[in-house]
Amino acid sequence: MSARPGVGLPGSVTMREAEQLAAESENAGASGVWVSDVRREPYLLSAAALRVTTRVMVGTDVAVAFSRSPAATAQAAWDLAGYGNGRFVLGLGSQVGPTLLSRFGLEADRPAARMRDYVLAVRSCWDAYRKGHGGYEGEFYAIRQPVFSPGSDEGWPAIPIYVAGVNPVMTAVAGEIADGFAAHMFCTPTYLDRIIRPALALGAARASRGASPPVLMPLVVGRDRMSLALQMTTYTVPAYRRVLDESGLREEADAILAALADRRRTEAARIVEERCLDQLGVAVLDELGERVRLWRAHADVIGLTVPWYGLDRTAQVALFRDVLRALERM
């Protein structure tokens, strides 16, 4: 795996901005350019990034899987891999249930089992594209005719799949079926070592794989601690509180969630900043090198991104370019 960090494009960038920033990222020496699924269509942004680069890997970190059928995802990823001459990585995440419903009007039960079936369906579609025939019949998805227009795509580049997770059940599924694991920035070294790594190993053993997949760890880079604390506060939700509990921060989790329930967001952010922030996947810009060295001891690939909470697109882009300048000096 590359020792150079990759970068995650700001979540709200337009396609033209994605082109420009991806080109700048490659010139700055980034090992990869990652696209999120928080505002724009991630596969279109990935195409924009691939168009203007020639060396870096481009991937989704991560695209929401269940908002799209596995056949639609397979088709988009297949074409991006061909367009980028094998430089595309498909990163998939389930998204927490309430957000999936509020964003897309969809519900998806049993997300870990569903993700396993989803990834198998995507790979079956790819196999059908390559051979010109095939289909998939699984627990959640049945795709009888993925090759609608006749023909085969022989010699098409392979596409790695990364699966995101926070809880050990989904993480074990990633260890079982994925080529890489996309960690969440709401993570601590303790949680990664004690919960994530063993869960990946469990999944790998369940599938009789020789080794666990590599871990991609994103770090949110901000100009100051409070902006980072506000970003991390948005991730302090019941579904993720286990990260704090397993990291010796159970009382802090109780206090933060109680403050958020009472709409005391500033107080919640203060608790995060004073008592939790140093353990989470964040870095103040002036301390970026030190934080990257810390996390390299726990993750295989580092990605650098910027906060979206409280920053408009112009501010996000300006900060991202400062991150690129810091990356050039590393």
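I take two residues to be in contact when heavy atoms lie within 4.5 Å, and I call a residue buried when its relative accessible area is under 20%. I note at the outset that this is a predicted model.

**Entry 1, the whole chain.** I began with the secondary structure of the protein, which comes to 13 helices and 12 strands. The radius of gyration is 19 Å, close to the 20 Å that the globule rule gives for 330 residues, so I record the protein as being as compact as a globular protein of that length. Along the principal axes, the C-alpha atoms fill a box of roughly 60 × 40 × 40 Å. I then looked up burial and found that buried residues make up 53% of the 330 residues, while the exposed surface of the protein comes to about 14400 Å², with carbon and sulfur atoms supplying 50% of it. Among contacts between residues at least 6 apart in sequence, 75% join residues at least 24 apart. For charge, I noted 37 positive and 37 negative side chains, the centres of the two sets lying 1 Å apart.

**Entry 2, helix α8.** I turned next to helix α8, residues 225–234, where 7 of the 10 residues are buried, so I describe the helix as largely enclosed by the rest of the structure. The buried residues of α8 are S227, L228, A229, Q231, M232, T233 and T234. I asked which elements these residues pack against, and found β10 (215–222), α10 (250–261), α11 (265–276) and β11 (282–284). At the N-terminal end of α8 I found D224 acting as a cap, with a side-chain oxygen 3.2 Å from the backbone nitrogen of M226.

**Entry 3, E252.** In helix α10 I looked up E252, which counts as buried because its relative accessibility is 12%, below the cut-off of 20%. Setting aside residues up to four places away in sequence, I found that E252 touches I271, R275 and C276.

**Entry 4, S247.** I then examined S247, which lies in the loop between α9 (241–245) and α10 and is buried, with a relative accessible area of 11%. Leaving aside neighbours within four places in sequence, I listed T188, T190, Y191 and Q279 as the contacts of S247. With T188 the side chain of S247 makes a polar contact, side chain to side chain, at 2.6 Å, and the side chain of S247 also reaches the backbone oxygen of V243 at 2.6 Å. I further noted that S247 and L192 are 55 residues apart along the chain, and that their C-alpha atoms are separated by 9.7 Å.

Key. Residues numbered from 1 in each chain as written. Predicted model: local features only at pLDDT ≥ 70, side-chain atom pairs only at ≥ 80, totals over all residues. Heavy atoms only, no water. Rg over C-alpha atoms; globule rule 2.2 N^0.38 Å. Buried < 20%, exposed > 50% of the residue type's maximum accessible area, 1.4 Å probe, protein only. Areas by Shrake-Rupley, 256 points an atom, 1.4 Å probe, with all protein chains shown as cover. Lys, Arg positive; Asp, Glu negative; His and termini not counted. Charge placed at Lys NZ, Arg CZ, Asp CG, Glu CD. Polar contact = N/O pair within 3.5 Å; in protein donor to acceptor, adjacent residues only side chain to side chain.
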